[in-house]
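Please examine the sequence and the three-dimensional structure shown below. A short report on strand pairing and surface pockets accompanies them.

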Amino acid sequence: MIREIVQIGDPVLRKVAQPVQNFDEELAALLDDMKETLIAAEGAGLAAPQVGVSLRVVCVLVEEGYFEFVNPIFVWQKGEQTGPEGCLSVRGKSGIVTRPSKVKLLFYDRKGERYSLVARDFFARAVCHELDHLDGILYTDKATDVRAED
Ligand code: CO
């Protein structure tokens, strides 16, 4: 089911999201809906707060594939990249943001299995952007230049 993507100004986007405790059918349904919503919106990533659910859950769709991260944490962040970024919760705008160029994550999948992963370049940017959502941070807080897209 496609869920509504909340927009900047909604307080749920500014909350620190809670860790997932139960790896149950409700989590699976949330992730299924987030995937469908992300694909329909043609985005690179979506965090649960963006569909009004204050849980530490994100999905990312990049060249490397489709990924689901539950309770993700950074192990390390390295390097730097500066480039354009947008957000499905800040419709019609983009900005220039500096991010790490390489990150290592620890996370759980929807079944509660623990994994680690290294993301580089745009994948790392997407991961950093989505993890910020879990702490109530929007890219517009970090961007040097936010403007309307043509
Ligand atoms: Co976003």
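The report below treats the paired strands and then the two largest pockets.

This is a predicted model, in which local features need pLDDT of at least 70 and side-chain atom pairs count only at pLDDT 80 or more, while totals for chains, interfaces and linings use all residues. Residues are numbered from 1 along each chain as its sequence is written, and side-chain values use heavy atoms, with hydrogens and water left out.

Strand β5 (residues 93-99) pairs with strand β4 (residues 81-85) in the antiparallel sense over five bridges; Q81 stands opposite R99. β5 also pairs with strand β8 (residues 146-148), again in the antiparallel sense, over three bridges, and K93 has A148 as its bridge partner. Strands (E, at least two residues) and helices (H or I, at least four) are DSSP runs numbered from the N terminus, and two strands pair if DSSP finds at least two bridges between them.

| Pocket | Volume | Nonpolar | Polar | Charged |
|---|---|---|---|---|
| Largest | about 280 Å³ | seven residues | six residues | six residues |
| Second largest | about 200 Å³ | seven residues | two residues | three residues |

The largest pocket has a volume of about 280 Å³. Of its 19 lining residues, A44, E85, G86, C87 and H129 are the closest to the centre. β4 and α2 (121-134) are the elements that give two or more residues to this lining, and α2 gives the most, with five. The lining of the second largest pocket includes R3, P19, D24, E26 and L55.

A pocket is an open set of points on a 1 Å grid over the protein atoms alone, where a 1.4 Å probe fits, with protein on both sides within 12 Å along at least five of seven lines; lining residues have an atom within 4 Å of a point. Grid points are joined across faces, edges and corners, and a volume is the space filled by probe spheres set on the points. Ala, Val, Leu, Ile, Met, Phe, Trp, Tyr, Cys and Pro count as nonpolar, Asp, Glu, Lys and Arg as charged, and the others, Gly among them, as polar.
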